[in-house]
Amino acid sequence: MTLSELFDTTTIVNPDDGLTVTVAPVARGWLVRMTDDDSGGIVGQRIYSLEVDAIAYAHKIIGVAE
């Protein structure tokens, strides 16, 4: 996925785990935020300087093979 394909945010949902991972551009790079679908609370977040690294991490967390 490239910057042209990732407009504002990308959201990947894993209904089996009840986890949603969102990747969004921020001032310092790319924010990866994990939220619990049941409570709506933030489980964790990380910032990556490269878009490719952020998307790879999101796929790893959600369990999607690239």
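Reader: Let's start with the first two strands: in which sense do E1 and E2 pair, and over how many bridges?

Author: The general idea is that two strands pair if DSSP finds at least two bridges between them. Here E1 and E2 are antiparallel, with five bridges between them. One bridge can be picked out by residue: Asn 14 has Leu 19 in E2 as its partner.

Reader: What kind of model is this, and how are its residues numbered?

Author: This is a predicted model, with residues numbered from 1 along each chain as its sequence is written. Local features need pLDDT of at least 70 and side-chain atom pairs count only at pLDDT 80 or more, while totals for chains, interfaces and linings use all residues; side-chain values use heavy atoms, leaving out hydrogens and water.

Reader: And what is the mean pLDDT of the protein chain?

Author: pLDDT is the predictor's confidence in each residue, on a scale from 0 to 100. The protein chain has a mean of 83, and 83% of its residues reach 70 or more. Confidence is lowest in strand E1 (residues 10-14), with a mean of 83, and highest in strand E4 (residues 42-48), with 94.

Reader: Which elements does the protein chain have, and how do they run from the N terminus on?

Author: Helices (H or I, at least four residues) and strands (E, at least two) are DSSP runs, numbered from the N terminus. In this protein chain there are four strands and one helix, in the order β-β-β-β-α from the N terminus on.

Reader: In what order do the four strands form the sheet?

Author: The order is E1-E2-E3-E4, in an open sheet with antiparallel pairing. E1 and E4 are the edge strands, each pairing on one side only. Neighbouring strands are turned by 15° against each other on average, direction ignored.

Reader: Where does H1 pack, and what angle does its direction make with that of E2?

Author: For such angles, axes are lines fitted to C-alpha atoms, for helices over the stretch in contact, and the values run from 0 to 180 degrees between N-to-C directions. Contact means heavy atoms within 4.5 Å. H1 packs on the sheet and touches E1, E2, E3 and E4, with its direction at about 175° to that of E2.

Reader: How many residues lie between the strands in the hairpin of E3 and E4?

Author: There are five, and among them Gly 40 takes a positive phi near 80°. Six bridges connect these antiparallel strands, with Val 32 opposite Arg 46 in E4. The hairpin from E2 to E3 goes through two residues. E2 and E3 are antiparallel too, with eight bridges; Pro 25 has Trp 30 in E3 as its bridge partner.

Reader: Back to Leu 19 then: is this residue buried or exposed?

Author: Buried means under 20% relative accessible area, exposed over 50%, and partly exposed in between (1.4 Å probe, protein chains only). Leu 19 counts as buried because its relative accessible area is 16%. Its bridge partner Asn 14 is buried as well, because its relative accessibility is 13%. Beyond four places in sequence, Leu 19 has contacts that include Ile 12, Met 34, Val 43 and Ile 61, while Asn 14 touches Leu 19, Asp 37 and Ile 62.

Reader: How many residues has the largest nonpolar core, and which have the most contacts inside it?

Author: In soluble globular proteins, nonpolar side chains tend to be buried together. A nonpolar core is a set of buried Ala, Val, Leu, Ile, Met, Phe, Trp, Tyr and Cys residues joined through side-chain atoms within 4.5 Å. The largest one here has 13 residues, and Val 21, Val 23, Val 32, Met 34, Ala 54 and Ala 58 have the most contacts inside it. E2, strand E3 (29-36) and helix H1 (51-62) each give two or more residues, and H1 gives the most, with five.

Reader: Last one: which residues form the aromatic pair, and how is it tilted?

Author: A pair of aromatic rings is described by the distance of the centres and the angle of the planes. Rings of Phe, Tyr and Trp (its six-membered ring) pair if their centres lie within 6.5 Å; planes under 30 degrees apart count as stacked, over 60 as edge-to-face and the rest as tilted. The whole structure has one such pair. Tyr 48 and Tyr 57 form it, with 5.5 Å from centre to centre and 45° between the planes, hence tilted. Both tyrosines, Tyr 48 and Tyr 57, are buried.
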